Amino acid sequence: MEEVVFVRDEKGEVTPTIENFYKFCGIGKLMAVKCNKCGRLFVPPRVVCPDCYSSSFRWIELSGKGKLQSYSVVHIGPKKFASKTPYTIGIVKMEEGVSLPSLILSDKNGDIEIGIDLVVDFEAPQSDDWPKWPRYLFRPAKKT
Ligand SMILES: [Zn+2]
């Protein structure tokens, strides 16, 4: 595995950027940023908190577990995803309370519905994708 080099600020802190967010994905971590002033979580990261206008954040690793809040099935997608249609894009509400959009992948037809438990998974960068960043996606949690 390639060594991951994060973008850091002058104090050596990993800056709250999309680029760093995807670098964390590359090492199998789904990360949010937490506002140091009001405590609100964001995924993907923001530069300024829309609640309190603070620009001071720290990274928090998420559990990777969430529930499907809403979804839609894409039958006609952008050209580069045409071979993958139909696919499902959903909003995942994480255990930590923050929501994020994601591709939802299931091996079985018909088991994607609102409220199901999901777990995060990561994919290596696709060769024909740009930018060449690793991706996160969610799959239905295995029932135990
Ligand atoms: Zn804030």
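How many Å apart do the C-alpha centres of domain 1 and domain 2 lie? The legends below start there and then zoom in.

**View 1. Two domains in one chain.** This is a predicted model, and its domain assignment splits the chain into domain 1, residues 18-61, and domain 2, residues 65-140. The answer to the opening question is 20 Å between the two C-alpha centres. Where the domains touch, nine residues of domain 1 meet ten residues of domain 2.

**View 2. The side of domain 1 that touches domain 2.** Two elements each give two or more residues to this side: helix α1 (18-26) and strand β2 (41-42). The top contributor is α1, with three residues. What kinds of residues make up this side of domain 1? Seven are nonpolar and two are polar, while no charged residue turns up here.

**View 3. The buried residues of α1.** Now look along the helix. Among the residues of α1, you can pick out Asn20, Phe21, Phe24 and Cys25 as buried. Why do these four sit on the same side of α1? Because the arc they cover around the axis is only 155°.

**View 4. What lies over those residues.** Which strands help cover the buried residues of α1? The cover includes β1 (31-35), along with β7 (117-123) and β8 (135-140).

**View 5. Just past the helix.** Follow the chain out of α1 and you soon come to glycine 28. Check the backbone here: phi of glycine 28 is positive, at about 80°.

Technical notes. Residues numbered from 1 in each chain as written. Predicted model: local features only at pLDDT ≥ 70, side-chain atom pairs only at ≥ 80, totals over all residues. Domains from an automatic or database assignment. Contact = placed C-beta atoms within 7 Å. Nonpolar A, V, L, I, M, F, W, Y, C, P; charged D, E, K, R; others polar. Buried ≥ 20, exposed ≤ 12 C-beta atoms within 10 Å, placed from the backbone. Arc of directions from axis to C-beta.
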